[in-house]
Structure formats: structure tokens, C-alpha cells
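Work through the exercises below with the sequence and the 3D view open. Try each task before you read its solution.

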Amino acid sequence: MAKITLSNLAHSYSSNPKNESDYALKKLNHVWDDGSAYALLGPSGCGKSTLLNIISGLLIPSEGQIFFDDHDVTNADTSERNIAQVFQFPVVYDTMTVKQNLAFPLKNRKVDASYIEARVNEIAEMIGVTEVLNNKAQGLTADAKQKISLGRGMVREDVNAILFDEPLTVIDPHMKWELRTQLKALHQQLEHTMIYVTHDQTEALTFADKVVVMFDGKVVQIGTPTELFERPNHTFVGYFIGSPGMNFLTVAIEGQKAFIHDEEIDLGNNYSISRGKVEIGIRPEFVSLSDDASGLPVKIKRVEDVGRHKIVRTDFYGTEINLIVSSSTMVPSDSCRLKFKKSAVNVYLDGWRVNGETV
Amino acid sequence: MNKTVNQKAWFLVLPVLVLVAFSAVIPLMTVVNYSVQDTFGNNIFYWVGLEWFEEILNSERIHNALGRQIIFTSIIMLIEIPLGIFIALQMPKKNGLWSSLCLVLIALPLLIPWNVVGTIWQIFGRIDIGLLGYSLNALGIDYNYVQNPLHAWITIIVMDVWHWTSLVVLLCYAGLQSIPDAYYQAAKIDQASRINIFRYIELPKMAGVLLIASLLRFMDSFMIYTEPFVLTGGGPGNVTTFLSIDLVKMAIGQFDLGPAAAFSLMYFLVILLISWVFFTVMTNLDKKEGV
């Protein structure tokens with residue numbers, strides 16, 4: 001087990017990168033604490049898998065270094081790093097039995113046979129494949145195959161970290177929930193450093209202590225699920241996390257007030273911004289219907305009743321503002337006014353969040 | 001809803017039936033016809049029953065040809081299948097100019113007409129003007145495929161390997177290309193050795209194409225005619241006379257239509273039978289592994 005440090009890490013798949021857009025992974029400094037569970041969240045093609053493959057040693061980064069504790073492993077082979085990795089699609093050795101599959105990583109490392117036997121049985125118990133241990137892996141369902149892949153990832157006790165590359169993509173929804181819970185329990189039990197790549201926010205938020213959000217080859221925010229929800233560092237995080245995502249309005253700011261289409265919004269804090277694109281962001285959870293004549297005038301486009309609550313989609317001079325109201329709330333049919341919860345409004349300059357001065 | 005019964009639809013199948021009858025059924029039946037009759041010319045035939053079949057089954061000449069055929073097919077398969085796998089494994093995995101170039105080079109022998117292949121090797125091996133034959137003799141090796149039976153065999157086998165290994169390579173290469181990267185990555189993580197990667201990932205994934213490759217190589221080599229005929233003409237003596245060369249000698253050289261017809265029918269059935277056994281055994285093996 002080890003602390004993993006990324007120092008000035010960057011990677012480009014082209015051999016001669018000219019500008020920033022040639023980089024699949026832009027310059028990155030980060031420390032993965034020993035024993036934590038991380039989720040790496042981001043849309044497809046944002047560099048998540050690249051980062052994972054660099055950590056596991058399947059890919060050598062074009063710039064920067066990786067340290068395991070104080071040991072430089074930048075150019076070290078996968079085998080020297082002692083890392084386990086589970087891939088998006090199940091990888092099983094077809095001609096082997098389930099048991100042989102699970103034992104394979106240990107056997108290749110010439111571990112004592114009696115230990116292998118005990119360990120394989122233990123893992124099989126955890127992932128629930130005890131009954132099929134002596135079956136050939138080939139005939140199993142995709143679910144079961146992926147369980148075996150997960151099992152093979154966890155069978156070694158001494159690994160520095162376990163990396164998961166969207167491991168639940170092919171799993172049925174109800175199994176997903178079960179496996180995720182099992183993984184979480186396993187993490188608490190084994191205390192390995194785990195890095196879990198996903199583009200599914202629910203998966204990331206339920207699995208991880210800390211979520212690392214990536215966008216366009218950059219890490220845009222690292223934080224606890226609450227931090228990501230309440231104080232998104234970047235407009236992308238606000239938009240990507242939450243359902244529906246954060247509302248953004250392009251405004252002009254003077255002191256404590258934001259101005260848009262002759263309306264004024266009280267921000268609570270003092271901002272001094274002179275140039276750049278200024279936006280305010282607010283989560284739909286913190287927008288409510290105004291019961292008096294104040295607030296932003298909007299046209300109601302659609303109301304979606306999702307059971308526990310209603311999502312109201314409105315139009316404010318061409319910009320969509322969504323809000324979430326309880327399912328018992330009566331929503332007017334055409335137009336209404338909206339209020340924002342003052343403390344939940346975030347201000348963004350060119351996409352990045354700025355802190356205001358408290359008054 | 002009731003379906004309307006309309007037997008007139010059978011007429012739509014008629015063109016195909018006529019075509020198949022003319023191109024396959026009637027010629028085959030002619031052969032069957034010849035195999036049970038004897039003739040002294042003038043289109044006068046006598047019924048002889050299964051006499052020709054008996055004669056062929058008891059003919060030492062045919063036994064020897066069959067023996068040579070089996071030895072030949074076994075040798076070339078034992079060389080071509082492993083060699084094909086080996087070469088396919090050495091091919092570049094990434095798609096690019098280099099891999100395309102390799103593919104074209106590998107595929108070249110397959111594009112050469114069979115009798116041209118025979119001619120190429122016939123000249124190549126000649127001791128007076130052939131590059132191979134002349135060089136070997138200049139090196140002091142007494143190589144002469146026209147007179148020495150062993151040399152004739154070696155030349156024919158090398159020629160067949162040269163001509164047909166490419167087919168095995170191409171099929172195996174296709175099989176290898178279909179293995180997702182994740183398998184190799186997982187193997188790396190699991191610290192599998194090169195041999196284990198081959199044994200547990202590449203070979204199982206290639207099993208399907210290998211079955212096809214083996215079947216094709218078996219059928220083709222069991223029926224081989226053109227190349228050895230051009231190269232050695234079945235000689236020296238009879239040592240490279242394989243089944244089909246013998247058959248042609250019998251049918252066209254000696255004009256023994258009856259025995260030749262009986263021979264070709266059995267030849268056809270043997271190939272059919274062995275291919276069927278081959279295929280059933282291999283697919284069953286596949287299924288058993290799937291349990």
C-alpha cells in the first residue's frame with residue numbers, strides 16, 4: 001500500500017505535441033492518499049482512462065513523474081508497481097475454470113498453493129461465485145464474468161492500489177447496486193487505495209470519499225460529494241453533477257448585485273470583477289417559486305413529475321432555468337417569478353468560481 | 001389468419017433446380033454410371049456391378065498413392081499450422097502502413113496461379129539454370145529433385161509451405177486482431193508470462209479460425225494436383241504420385257473410365273467423411289469447453 005503522487009504529469013498520444021489541445025491529459029499535480037477511495041468522474045474522452053493507465057504502468061507518460069511513496073516509478077513496468085486493475089469489459093481466461101481465473105495472478109507470482117486455495121475461496125465468497133468455482137469461465141454471463149474480473153483484481157492482498165475502469169458498464173442495474181455496495185464494503189475491510197473511474201455521477205458519489213472531476217484533460221475539482229454539490233469550482237462540475245445540472249446566467253456584477261435584463265439579483269457577498277465572462281450559477285434545488293411580485297419573471301415550458309419531486313423547466317429571456325419543487329407544490333401554467341436562495345448562488349469568471357468578500 | 005395454400009410457388013424454384021441438375025447432379029450421376037459399367041468403345045456399355053470398386057479397393061497402386069497422400073497432408077499441416085500461427089504472432093498489431101505492407105507481402109503467394117507456382121519451383125530447383133538447384137550444387141550439396149525421391153519430396157513440401165502458409169497466417173492474424181486490448185492489459189496486470197498469454201488468451205481466441213484454416217488446408221492438400229504435377233509429374237518413378245495425379249493418369253492417360261469413376265467417387269466420399277469428422281470433433285470440443 002502506498003501514497004501515490006503525480007508530479008507535473010501530462011500525456012499526449014501524438015509523439016510531437018504542439019499546443020495544449022494535443023494533450024489527452026494536461027499538466028496535473030495530485031496526491032492520492034493511502035487507503036482512500038477515489039472516484040474519477042468525467043465525460044467520455046476526458047482523459048480518465050489515460051490517467052488510470054499511467055498509474056498502472058500500461059502507459060508511460062510523456063511528461064512528469066509518478067511516485068509510489070517516495071519511489072519514482074515513472075518508467076517502471078506494471079509488474080514492479082504491484083497494482084491491480086479492472087477493465088470496462090469483462091476479461092476472463094476462457095479456457096480456465098473460475099477458480100483458475102481467480103488464482104491466476106497469485107500463481108504467476110509463485111505464491112504458496114495452500115495460501116492461493118484459501119484466498120481464492122475467500123474472494124469467491126465475497127463476490128458470490130462459490131457455486132460455479134469449478135465451471136469453465138467461457139459459458140458464464142457477462143455479469144458473472146465481470147465479477148470474476150473484479151475478483152481477480154482483489155485477490156492480491158499486498159497491492160499498492162486497485163484501479164477500476166468503469167467496471168460496472170456491462171452489469172444489470174440491480175446487480176450494479178449490489179456490486180457497488182460490495183466494493184464499498186470491501187474497501188472498508190481491505191483499506192486499499194481504490195481509484196474508480198466512471199462517467200456516472202451516482203456511482204461516483206456513492207462509492208468515493210473524494211471525487212475527482214475531470215474535463216477536457218484537466219482536473220477541475222477534487223472534493224467530497226457535498227463540496228461538489230454546493231460549491232462547484234467550475235461551471236462544468238455544476239453542469240455535470242446533479243440532475244438536472246446547475247443553472248447558469250450570464251450577468252454583469254457590481255458590488256453585491258448581479259444585473260440581467262433589467263432585473264437585479266442580490267448576491268450577499270461583494271465581488272469586484274472588471275473583465276471576462278461573468279456567470280452566476282445556482283442549483284435547481286435552491287430555486288423556488290416566488291409568492292409575491294419580486295423575483296425573475298419566467299415562462300414555464302414544462303413540468304416533469306419524477307415521483308418524489310417535480311422538475312420545472314422555465315425560460316428566462318431565452319435561457320433555461322430549472323427548479324425542483326416538492327410534488328405537492330402547485331405550479332402555475334404559464335408564467336411566474338423565481339427566487340434564488342442567496343447563500344447558494346455561486347459566481348463564475350470565465351468558467352471558474354470566484355469567492356466574494358463577506359460584507 | 002389462414003395462410004393460402006398455393007403449390008404453384010414450386011415453379012419459382014424450377015430455374016435453380018434446372019441449373020443445379022445440369023451443373024452438379026447430372027455430371028455426378030454420369031460418373032456413377034461409368035463406375036458400374038465397362039465399355040469397349042462405340043458407346044456400348046456392359047453392367048459390371050461393384051467390380052470396379054473392388055478392384056480399386058484392392059489395388060496396391062491406389063493404396064500406395066493414398067499412403068503418400070496421407071503422409072504429404074500430415075507433413076504440410078504439421079508445418080503450416082504452427083508456422084502460420086508463429087508468423088501471425090510476429091505481425092505488427094497496430095494498423096498502419098507497416099502492417100498493410102506485411103499483409104500484402106504475406107498474401108502475395110496466394111495470388112499466384114497454381115500452375116505458375118509449379119513452374120516457378122520447377123525452374124527454381126533446376127540444377128542447370130535454377131537459382132536454388134544451382135546454388136545448392138555449387139555449395140557441394142548433391143541436390144537433384146528430378147532423380148532423388150527425397151529431394152523431390154522436400155521440394156514439393158517446401159513449395160506447398162511457401163504457397164499456402166500465408167492462408168493460415170491471414171486467418172490467424174484476423175483472429176488475433178479481434179482480441180481486445182484489455183486482454184493484454186489484464187494479462188500484464190496479472191503478470192502472465194508470454195507463453196501463458198499465448199496459451200490462455202491468443203490460442204483460445206484463435207481456435208475458431210484455426211479450425212477453418214485446418215479444414216481448408218486439409219481439403220486442399222488432400223486434393224492437390226497442379227503444383228506437384230507441374231513440378232515432378234508424379235516422379236521420380238511414382239514417389240510423388242498423389243491421389244489426384246493417379247486419378248488423372250487413370251482416367252485420361254489410360255482411359256480406364258470405369259475404375260477412374262469408381263476411384264473418384266470413393267475419393268470424394270473420403271474427403272467428405274474426413275472433413276465431417278474433423279468439423280464435428282472440433283466443434284464438439286469447442287462446445288465442451290463452453291460448459
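The C-alpha centres of domain 1 and domain 2 of chain A lie 38 Å apart. This is a predicted model, where local features need pLDDT of at least 70, side-chain atom pairs count only at pLDDT 80 or more, and totals for chains, interfaces and linings use all residues. Residues are numbered from 1 along each chain as its sequence is written, chains are lettered from A and ligands numbered from 1 in the order in which they are written, and side-chain values use heavy atoms, leaving out hydrogens and water.

**Exercise 1.** Describe the interface between the two domains of chain A.

Solution.
- Set the bounds. An automatic or database assignment gives domain 1 (4-240) and domain 2 (247-358) of chain A.
- Find the contacts (heavy atoms within 4.5 Å). Twelve residues of domain 1 of chain A touch twelve of domain 2 of chain A.
- Look for salt bridges (a side-chain nitrogen of Lys or Arg within 4 Å of a carboxyl oxygen of Asp or Glu). The rule finds zero across this interface of domain 1 and domain 2 of chain A.

**Exercise 2.** Classify Ile222(A): buried, partly exposed or exposed?

Solution.
- Recall the cut-offs: buried is under 20% relative accessible area, exposed over 50%, partly exposed in between (1.4 Å probe, protein chains only).
- Apply them. Ile222(A) has 34% relative accessibility, so Ile222(A) is partly exposed.
- Check its surroundings. Leaving aside neighbours within four places in sequence, Ile222(A) contacts residues including His30(A) and Glu227(A).
- Take a distance. The C-alpha atoms of Ile222(A) and Val211(A) are 5.7 Å apart, though eleven residues separate them along the chain.
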